[in-house]
Amino acid sequence: MSVQSAAADVDVDLSQLFGSLARSWLRILVVAVLVTGAAFAFASLATRHYKAETQVEIAPRESVYTRPASNNNDTDKPILDEQGVATQVQIISSNEILKQVAQKLGLAKLPEFDDALYMSPLSRALVLVGLKSDPMEIPAEERVLKKMHEKLNVYGVEKTRIIAIEFSSEDPRLAAAIPDAIAAAYIAGQGAAKLESNNAAADFLAPEIADLSKQVKDAEAKVAAYRSQSDLLMGGNNSVLATQQLSELSSELSKVRANRAAAEATADGVRRALQNGGSLDAVPEVLSSDLIQRLRERQVELRTNIADLSTTLLGNHPRIRALKSQLADLDAQIRGEAQKVMKGLLMQAETAKARENQLVADVNTLKAASAQAGEQQVDLDALQRDATAKRQQLELYLTNYREAASRQDRNYLPVDARIASKASVPSEAYFPKVGPIVGAAFAASLLIMAIVTLLRELFSGRAMRPATGSRFERIDEVAMPHVAQAAVAMPVVRHEPSVRQDTVARQEMAERPAEAEAEPYTAAMPYRAEAPDMVAMAEAAAAEQTAVEPEPVRSTLGEIDVEKAAEKLIASGAARAIFVSPEGDEAAASAVLVAREVADAGLRVLLLDLTASGAASRPMLDSGLFPGITNLLASEAQFSDVIHADLYSDCHVIPVGTADPVRAMRAADRLPIIMQSLTTAYDLVVVECGPADAQGISRLTGDATEVFLSMLEPDDEVTKAAVRLIESGYPDVTLVTPLGHEPPGNPVPGRRTAAA
């Protein structure tokens, strides 16, 4: 069964786990009280530190009435974004400002800022032996600046343009004075920087203005000279005279052509009317003649008279005939006047044509002159642009120079910062806070001790219980009666060998949980049974000797008990104890008991279980599902994974393990290396080998090794095993028996929670 499956067969018993807090309440409380007392003593004896804060606002301070005219477009405002505020924070905490404050307040004379002024004898001794650096090796100014940086905290208040300057000191007055001095030094430094920049600008502009004045004068002189040489006279609308004349002649030519065309059209209309005998009333020019209008009026008057007379007179009446004769003469006069109008229009058209021809000639002449003037105008415009640019630059320089000179004379340079809040002298120390420190120490110590107690309980395995429905392998229990059938520790034992009965009692731990909880030591080590009746045992022994009479075999070996074996190992200073159990798993109890006895004496003891069934390690761990020596040999685990604590003593144990034994035995050559490592870490390594022979234990022996032979009954099998070991090179083999051993008191489970 693997370790993963074993872990799945157990659950955490929460009542047992948290019950450990109630069982260990006194230890937890004592530790918490001690830690709280130490914290209270520290808080009471610690040096008081006071903290004060000054706030500086970063904002433009220029008044609207004193703002320079060139700054109307807000192009010279300081950077007030997050990066700008961060830059000002670095400037405030710079060494230059701190040096000014330290010099102004005389901080170099205070022991708080210079460790070298009053060094304690202990500090001087540490410096002499080289355990502490000598502060005198550092310049005094650097020591003061270092201390100031440690006590100073400058930061920008989030989402504002406020910079907070915090400073802590042992003196409350000094804690308030230093941040105020830093803020004042910062504002003064900003003003000095502005004044320096203004003076530099004025010094730069003065010679530049002189040079520009001369350049402007030369450029304007070149413009005037070129205009006179090129005869580029300027007319209205800031244009060349030739171009202006050409424009005027072009306009006049257009009018002349329009008048000529109108006169010709009117004359042609009058001509057609006269030739065709049509009415002249449709011609506006004819109707506009005053003579024709009077003739028309006379004609209307005659026609009116004829019409009046025709009502009383006949048509051949002399008077009517006279009026008709006058009417005919008027028609002839009107036509004659129309011809005169036509001739006048023709004369007007001829005059306009002549004027048009003259204007066309003049326009052609001016075109050539204007083209030449345009070419010259290009050069003239270039000279004018150069002169204009230089004049504009000169005017700008003159304006800036006047502003810089006025600020320099009046010494008015407002800084873009102000002290928004001055520091006040603190009345309460910010460190140490006795109440919070003591409360935190008490709560933290309680919490840590509770966690440590829970972890100890969890890692020890006492808080684990079998999972519901899980099944465990049977653990081979070693029968260990308290009273032997023969005298113990006799040098020579003579007996009649009897037929050995298999006395291995196999019972699962889950079948008797009540007994396991009531007697944990008995559940782990079933050989601690009640002592049998001495009379009954004597009668049974006599009956057995009477019933069976085999050939007598004499044993010349003697055995010792567990206490004597432990005393021998301690006295000899042995590093290794090899236990061989020819009688099987029942005799493996000798190694367990001896290891526990030596561990109880104060030595660091490890038991290595090399039996096939794990008879030695299972009673010590209450389970055979832990990783052990087979996992270590198979390279599936490390030393820290396979070393476990005995639940009932201070002894450590390496069980058989859960890896494949065949695979593990392929690396049996590593056993000497493993034994060497274990003997280095422990005072004594006890190895239970089971029914092994001399060749089997050869890999485990080394310097300071004691070999023991576990014995339950002094029969021929034990004697033969001892003889074979002696003949194989182990003459100092010692027989040990667990019979009659009484464990001291009732062991408490979980004396050790984990392997070191």
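**Exercise 1. The nonpolar patch**

In this predicted model, helix 13 gives the nonpolar patch its largest share, five residues. Task: state which residues make the nonpolar surface patch, which helices each supply at least two of its residues, and how Ile451 is classed by accessibility.

Solution.
1. The patch consists of Val12, Leu14, Phe18, Leu447, Ile451, Leu455, Leu458 and Phe459, and covers about 730 Å².
2. At least two residues come from each of helix 2 (14-23) and helix 13 (434-460).
3. Ile451 lies in helix 13. Buried means under 20% relative accessible area and exposed means over 50%. Ile451 has 41% relative accessibility, so this residue is partly exposed.

**Exercise 2. Strand 2 and its partners**

Task: for strand 2 (residues 50-58), sort the side chains into those that are buried and those that are not. Then find the bridge partners of Thr54 and Gln55.

Solution.
1. The side chains alternate along the strand. Tyr50, Ala52, Thr54, Val56 and Ile58 point to one face and are buried. Lys51, Glu53, Gln55 and Glu57 point to the other face and are not buried.
2. Strand 2 runs antiparallel to strand 4 (residues 162-169), with eight bridges joining them. Thr54 has Ile165 of strand 4 as its bridge partner.
3. Strand 2 is also antiparallel to strand 5 (residues 417-421), here through four bridges. Gln55 is bridged to Ser421 of strand 5.

**Exercise 3. The eight-strand sheet**

Task: give the strand order of the open sheet, name the strands at its edges, and describe how strand 13 pairs with strand 16.

Solution.
1. The eight strands follow the order 11-18-17-12-16-13-15-14, with mixed pairing.
2. Strand 11 (559-560) and strand 14 (644-645) are at the edges; each has a single partner strand, so one side of each lacks a neighbour in the sheet.
3. Five bridges pair strand 13 (residues 605-609) with strand 16 (residues 684-688) in the parallel sense. Asp609 stands opposite Glu688 of strand 16.

**Exercise 4. Confidence**

Task: state the average pLDDT of the chain and say what the model has for residues 1-8 and 745-756.

Solution.
1. The average pLDDT is 76, and 76% of the residues score at least 70.
2. Residues 1-8 have pLDDT below 50, and the model gives this stretch eleven contacts beyond near neighbours in sequence.
3. Residues 745-756 stay under 50, with 34 contacts beyond four places in sequence.
4. Predicted coordinates should not be read in detail where pLDDT is low.

Notes
Residues numbered from 1 in each chain as written. Predicted model: local features only at pLDDT ≥ 70, side-chain atom pairs only at ≥ 80, totals over all residues. Heavy atoms only, no water. pLDDT = per-residue confidence, 0-100. Contact = heavy atoms within 4.5 Å. Patch = residues over 30% accessible without salt bridge, like charges linked within 9 Å, V, L, I, M, F, W, Y side chains within 5 Å. Areas by Shrake-Rupley, 256 points an atom, 1.4 Å probe, with all protein chains shown as cover. Salt bridge = Lys/Arg side-chain N within 4 Å of Asp/Glu carboxyl O. Buried < 20%, exposed > 50% of the residue type's maximum accessible area, 1.4 Å probe, protein only. Pairing = 2+ DSSP bridges.
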